[in-house]
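Open the model in your viewer and keep the sequence panel in sight. We will go from the whole chain to single residues.

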Amino acid sequence: MALDDTDRRRFFLAAIVSLLALPALWWANRDDGSAGPNVATAGVEIAGDTASTASPASPADTDTTIGESRLPPVQTVRGSDPVFLDGPAPNAVGVSEIAVPATSATEAVMAQATYRSSVVDAATCLTKTLQPGRTVTIVNLDNNREATCQLRLGPATQVDDLVVHTDLFIELADLTDAPIPVEIRP
């Protein structure tokens, strides 16, 4: 690819700008031997710090040279904790008690539930894996809504864990969310 005169001028100008900009950036960002900002420049006193920011030691310390600035002295109150650290002292003896809910007497079953309007009754759930005839509570694990229905034996062609009537499913979730993860409790 051959460069025409305009491209050569642009390339030459970009090279000159780069040759001038890179040393200028290096010079502006060079390390001049002083550390970056620290807590002393912000006027914060640290416990055990040997430097004092309360008052200068002699009148010669108050003189400023060109390029330097002195911060005004900072007065701190020692011995008082910040507000967010205040609070009751922890109990040094014993074991902390944690509240844990009691386990249910019967085991809950995790399943996927969907809906069909062809289910006979709104209070009926079709299942293939659970014992039919029992009344169960279905809890949507996504939003913690619950509904009650009676289990019936589903058809042999049913592939879902649990099929409920459309009206019952609306109590648990939006129809567009089907299938939903549920917990079946006796």
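**The whole chain**

Start with the surface: the protein chain exposes about 14700 Å², and carbon and sulfur atoms supply 58% of that area. Keep in mind that this is a predicted model. Now colour by burial. Buried residues make up 18% of the 186 residues in the protein chain.

Switch to cartoon. The secondary structure comes to three helices and six strands. Follow the chain along its sequence and the pattern reads α-α-β-β-β-β-β-α-β. Contacts reach far along the chain: among those between residues at least 6 apart in sequence, 73% join residues at least 24 apart.

**The barrel**

Select the strands. In what order do the six strands run around the closed barrel? The order is E1-E5-E2-E4-E3-E6, with mixed pairing. From one strand to the next, the twist averages 45 degrees.

Take E1 and its partners.

- Show E1 with E6. They run antiparallel and are joined by five bridges. Pick Met 110: its bridge partner in E6 is Glu 183.
- Swap E6 for E5. E1 and E5 pair in the parallel sense, over four bridges. Here Thr 114 has Val 163 in E5 as its bridge partner.

Stay on E5 and add strand E2, residues 124–127. This pairing is antiparallel, over three bridges. Thr 127 stands opposite Leu 162 in E5.

**The core**

Next, show side chains. The largest nonpolar core has 18 residues. Which members touch the most others? They are Cys 125, Ile 138, Leu 162, Val 164, Ile 180, Val 182 and Ile 184. Several elements each supply at least two residues of this core: strands E1 (109–116), E3 (135–140), E4 (146–153), E5 (162–165) and E6 (180–185), along with helix H3 (166–172).

Centre on Val 164 and list its contacts, leaving aside neighbours within four places in sequence. Thr 114, Tyr 115 and Arg 116 are there. So are Val 119, Thr 124, Cys 125, Ile 138 and Phe 169.

**Ile 180**

Move to Ile 180, in strand E6. Buried or exposed? Ile 180 counts as buried, because its relative accessibility is 0%, under the 20% cut-off.

Show what Ile 180 touches, again without residues up to four places away in sequence. Ala 111, Gln 112 and Ala 113 appear, as do Asn 140, Phe 169, Leu 172 and Ala 173. Then draw a C-alpha to C-alpha distance from Ile 180 to Leu 141. The two are 7.9 Å apart in space and 39 residues apart in sequence.

**The aromatic pair**

Phe 169 is a contact of Val 164 and of Ile 180, so select it next. The chain has one aromatic pair. Its rings belong to Tyr 115 and Phe 169, with centres 5.1 Å apart. Why is the pair called tilted? The planes meet at 45 degrees, which falls between the 30 degrees that bounds stacked pairs and the 60 that bounds edge-to-face ones.

The pair links distant parts of the chain: Tyr 115 sits in strand E1 and Phe 169 in helix H3, 54 residues apart.

Finish by comparing the burial of the two residues. Phe 169 has 0% relative accessibility and therefore counts as buried. Tyr 115 is at 28%, so it counts as partly exposed.

Terms used:
Residues numbered from 1 in each chain as written. Predicted model: local features only at pLDDT ≥ 70, side-chain atom pairs only at ≥ 80, totals over all residues. Heavy atoms only, no water. Core = buried A, V, L, I, M, F, W, Y, C linked by side-chain atoms within 4.5 Å. Buried < 20%, exposed > 50% of the residue type's maximum accessible area, 1.4 Å probe, protein only. Contact = heavy atoms within 4.5 Å. Areas by Shrake-Rupley, 256 points an atom, 1.4 Å probe, with all protein chains shown as cover. Phe/Tyr/Trp six-rings, centres within 6.5 Å; stacked < 30°, edge-to-face > 60°. Pairing = 2+ DSSP bridges. Axes fitted to C-alpha atoms, helices over the stretch in contact; angles between N-to-C directions.
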